Amino acid sequence: MTAIAVTGKGGTGKTLVSALLIHFISKKSRKVLAVDADPDSNLSDALGVEVERTLGDVREIFQVSRDEMGTMNKEQWLEGKIYETICECNGFDLLVMGRPEGEGCYCFANSLLRGILRKLTRHYEFVIIDSEAGLEHFSRKTIDSADYVIVVTDMSKKGLATASRIKQLVKELKLNFKDIMLIANRISSEEAEKRIREFSEREKMKLLEVLPYDERVVELDLKGLPVVNLDESSEVYRRMRKVAEVFLKG
Ligand SMILES: Nc1ncnc2c1ncn2[C@@H]1O[C@H](COP(=O)(O)OP(=O)(O)OP(=O)(O)O)[C@@H](O)[C@H]1O
Ligand SMILES: [Mg+2]
């Protein structure tokens with residue numbers, strides 16, 4: 001199993017990158033699990049699929065009905081509910097994590113969930129995670145099992161600073177990823193591309209791809225259509241296919 005977590009500053013294009021990776025990889029591999037780990041989830045929209053329930057809902061039900069479970073094995077119960085939550089979509093499965101926990105103690109549910117998720121992901125060839133913006137999930141270690149981290153950044157000072165911080169944090173927390181890589185998005189000039197290449201060398205983060213600002217992406221967005229509806233006429237589409245091929249080749 002190869003797990004790829006996509007992260008970076010808010011609004012940089014994480015969901016766009018995740019959705020296109022899922023799209024291209026699931027064309028070649030039948031065992032893809034897409035995970036929407038952003039509480040403000042919209043990965044399903046980007047993929048053009050509908051999801052009924054999230055893992056957060058399951059955790060809530062678990063919290064309420066724990067006493068009523070009696071002698072039933074709680075882990076089995078949760079495992080069953082998680083399987084029900086997974087959407088069997090067009091060529092891939094999708095799991096939406098949902099809201100962060102509310103009041104009360106969710107430690108027990110969370111530790112069970114982590115174990116079950118670890119077991120579940122073993123059934124897949126690829127697990128692709130659209131992470132929430134920022135760095136919190138790194139300290140909470142929700143994505144401790146990723147092999148590759150893709151940091152999406154634009155040319156903004158904040159975007160680049162977040163990319164540097166992620167690299168630093170991964171080192172501090174001694175997270176064992178095989179690689180942390182960059183995708184630069186909305187890069188519209190040679191000067192910007194040159195600067196991002198310098199940044200990548202300085203930070204020792206491999207630059208996987210440079211994506212331009214793409215009118216075709218804007219068009220779909222305006223029409224409320226999923227980004228996976230892009231086609232050959234889109235440069236972002238063609239370049240993301242190349243990125244997917246890198247992972248497919250292993
Ligand atoms: N290369 C591009 N060209 C034009 N528009 C783009 C490009 N990349 C992303 N966008 C647009 O920018 C917006 C943000 O992209 P996206 O939702 O993928 O970012 P995100 O990092 O997932 O955001 P969030 O942090 O809110 O989850 C979307 O409206 C998307 O259509
Ligand atoms: Mg997003």
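In the predicted model, Ala5 has Ile129 as its bridge partner in strand β5. This bridge belongs to a longer pairing. Strand β1, residues 2-8, runs parallel to β5, and 5 bridges link the two. Strand β2, residues 32-36, is also parallel to β5 and is likewise joined to it by 5 bridges. Here, Ala34 is paired with Ile128 of β5.

Strand β5 spans residues 126-130, and 5 of its 5 residues are buried, so the rest of the structure largely encloses it. The cover extends to both faces. Phe126, Ile128 and Asp130 are buried on one side. Val127 and Ile129 are buried on the other. Ile128, the partner of Ala34, and Ile129, the partner of Ala5, thus lie on opposite faces of β5 by this account.

The wider setting is as follows. The protein chain contains 10 helices and 8 strands. Of its 250 residues, 51% count as buried. Contacts reach far along the sequence. Among those between residues at least 6 apart, 80% join residues at least 24 apart. The chain exposes about 12,900 Å², and carbon and sulfur atoms supply 47% of that area.

In soluble globular proteins, nonpolar side chains tend to be buried together. In this model, the largest nonpolar core has 43 residues. Leu78, Leu95, Leu120, Val151 and Ile196 touch the most other members. Helix α5, residues 107-121, gives the most to this core, with 6 residues. A second, separate core holds 39 residues, including Ile150, Ile183, Leu220 and Ala244.

Leu95 illustrates how the largest core is connected. Neighbours within four places in sequence are left aside here. Leu95 is then in contact with Leu33, Ala34, Val35 and Asp36, among others. These four residues fall within the span of β2, residues 32-36. Leu55, Thr85 and Ile86 are also contacts of Leu95. So are Leu117 and Leu120. Leu120 is itself one of the core members with the most contacts to other members.

Ligand 1 is surrounded by 17 residues. Gly11, Lys14, Thr15, Arg186 and Asp221 come nearest. Several polar contacts can be listed. A polar side-chain atom of Arg186 lies 2.7 Å from an oxygen atom of ligand 1. Gly13 places a backbone N or O atom 3.0 Å from an oxygen atom of the ligand. For Pro212, a backbone N or O atom lies 2.9 Å from a nitrogen atom of ligand 1. On its own, ligand 1 has 630 Å² of accessible area, and the protein covers 79% of this. Two elements give two or more residues to the shell around the ligand: α1 (14-28) and α9 (215-223).

Helix α1 also contains Ser26. Ser26 has a relative accessible area of 13%, so this residue counts as buried. The side chain of Ser26 turns to backbone atoms for polar contacts. It reaches the backbone oxygen of Ile22 at 2.7 Å. A polar atom of the Ser26 side chain also lies 3.3 Å from the backbone oxygen of His23. Contacts of Ser26 beyond four places in sequence are Leu21, Val32, Gly91 and Phe92. Gly91 is 65 residues away in sequence, yet the two C-alpha atoms are 5.8 Å apart. Val32, another contact of Ser26, falls within the span of β2.

Two residues stand out by their backbone angles. Most residues other than glycine have a negative phi. Arg186 is not a glycine, but its phi is positive, near 60°. This residue sits in the loop between β7 and α8 (190-203). Its relative accessible area is 41%, so Arg186 is partly exposed. Arg186 is also among the residues that come nearest to ligand 1.

Lys174 likewise has a positive phi, of about 55°, without being a glycine. Its place is the loop between α7 (157-172) and β7 (179-184). At 69% relative accessibility, Lys174 counts as exposed.

Technical notes: Residues numbered from 1 in each chain as written. Chains lettered and ligands numbered in written order. Predicted model: local features only at pLDDT ≥ 70, side-chain atom pairs only at ≥ 80, totals over all residues. Heavy atoms only, no water. Buried < 20%, exposed > 50% of the residue type's maximum accessible area, 1.4 Å probe, protein only. Pairing = 2+ DSSP bridges. Core = buried A, V, L, I, M, F, W, Y, C linked by side-chain atoms within 4.5 Å. Contact = heavy atoms within 4.5 Å. Near = heavy atom within 4 Å. Polar contact = N/O pair within 3.5 Å; in protein donor to acceptor, adjacent residues only side chain to side chain. Areas by Shrake-Rupley, 256 points an atom, 1.4 Å probe, with all protein chains shown as cover.
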